[in-house]
Amino acid sequence: MIKSFAEILRAHRLQAGLTQTELCNLVNKALRPGPDNLLTQATLSAWESKRQSPSPAKRVQLQEIARILKIELSMLDEAWRLKSKRGVDGLCPGEAAAAH
């Protein structure tokens, strides 16, 4: 089974030995963001726990996360696109029919 965006993000962050706060600090330091595009620990937590997906406005932060964690941005993009196609139960429409 393909890992979700949240699973990929969390696994790579932990593999890098970083806390959510440390990763946010690295991203924010690299980007020198203004108040409108600051990456917060609460936002990163929401992404990792599947409560929220990154908006297109967060693309710059995702690029920096991918660079810091040494993840191909295309891997994050693909996982994010799959998540956006999934329903409430976390399955794509075809998977939902097969699961029932």
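**Entry 1. Helix H3**

I began with helix H3, residues 41–48, in this predicted model. I asked how many of its residues are buried. Six of the eight are, and I therefore recorded H3 as mostly covered. The buried residues of H3 are Thr43, Leu44, Ser45, Ala46, Trp47 and Glu48. I next looked up which helices these residues pack against. They pack against H1 (5–15), H2 (20–31) and H4 (59–69). I also checked the backbone just after H3 and found that Lys50 has a positive phi of about 70° there.

**Entry 2. The loop from H3 to H4**

I then moved to Ser53, which lies in the loop between H3 and H4. I asked whether Ser53 is buried, partly exposed or exposed. Its relative accessibility is 26%, so I entered Ser53 as partly exposed, since the partly exposed class lies between the 20% and 50% limits. I also looked up how far the C-alpha atom of Ser53 is from that of Phe5. The two atoms are separated by 8.5 Å, although the residues are 48 positions apart along the chain. Phe5 appears again in the next entry, as one of the H1 residues that meet H4.

**Entry 3. H1 against H4**

I turned to the pair H1 and H4, and asked at what angle their axes cross. The axes come within 10 Å and cross at roughly 45°. That angle makes H1 oblique to H4. I noted the crossing of H1 past H4 as left-handed. On the H1 side I listed Phe5, Leu9, His12 and Arg13, which meet Leu62, Ile65 and Leu69 of H4. Sorted by class, this contact has five nonpolar residues, one polar and one charged.

**Entry 4. H2 against H4**

I repeated the lookup for H2 and H4. Their axes also come within 10 Å, and the crossing angle is roughly 115°. The two helices are therefore roughly perpendicular to each other. I recorded the crossing of H2 past H4 as right-handed. I then asked which residues make the contact. H2 supplies Leu23, Leu26, Val27, Ala30 and Leu31, while H4 supplies Val60, Gln61, Glu64, Ile65, Arg67, Ile68 and Leu69. By class, I counted nine nonpolar residues, one polar and two charged.

**Entry 5. H4 in both contacts**

Finally, I set the two H4 lists side by side. Ile65 and Leu69 are among the H4 residues that meet H1, and both are also listed in the contact with H2.

Definitions and conventions
Residues are numbered from 1 along each chain as its sequence is written. This is a predicted model: local features need pLDDT of at least 70, side-chain atom pairs count only at pLDDT 80 or more; totals for chains, interfaces and linings use all residues. Side-chain values use heavy atoms; hydrogens and water are left out. Buried means under 20% relative accessible area, exposed over 50%, partly exposed in between (1.4 Å probe, protein chains only). Helices (H or I, at least four residues) and strands (E, at least two) are DSSP runs, numbered from the N terminus. Contact means heavy atoms within 4.5 Å. Axes are lines fitted to C-alpha atoms, for helices over the stretch in contact, and angles run from 0 to 180 degrees between N-to-C directions. Angles under 35 degrees count as roughly parallel, over 145 as roughly antiparallel, 65 to 115 as roughly perpendicular and the rest as oblique. A crossing is left-handed if the near helix is turned anticlockwise from the far one by less than a right angle, and right-handed if clockwise. Ala, Val, Leu, Ile, Met, Phe, Trp, Tyr, Cys and Pro count as nonpolar, Asp, Glu, Lys and Arg as charged, and the others, Gly among them, as polar.
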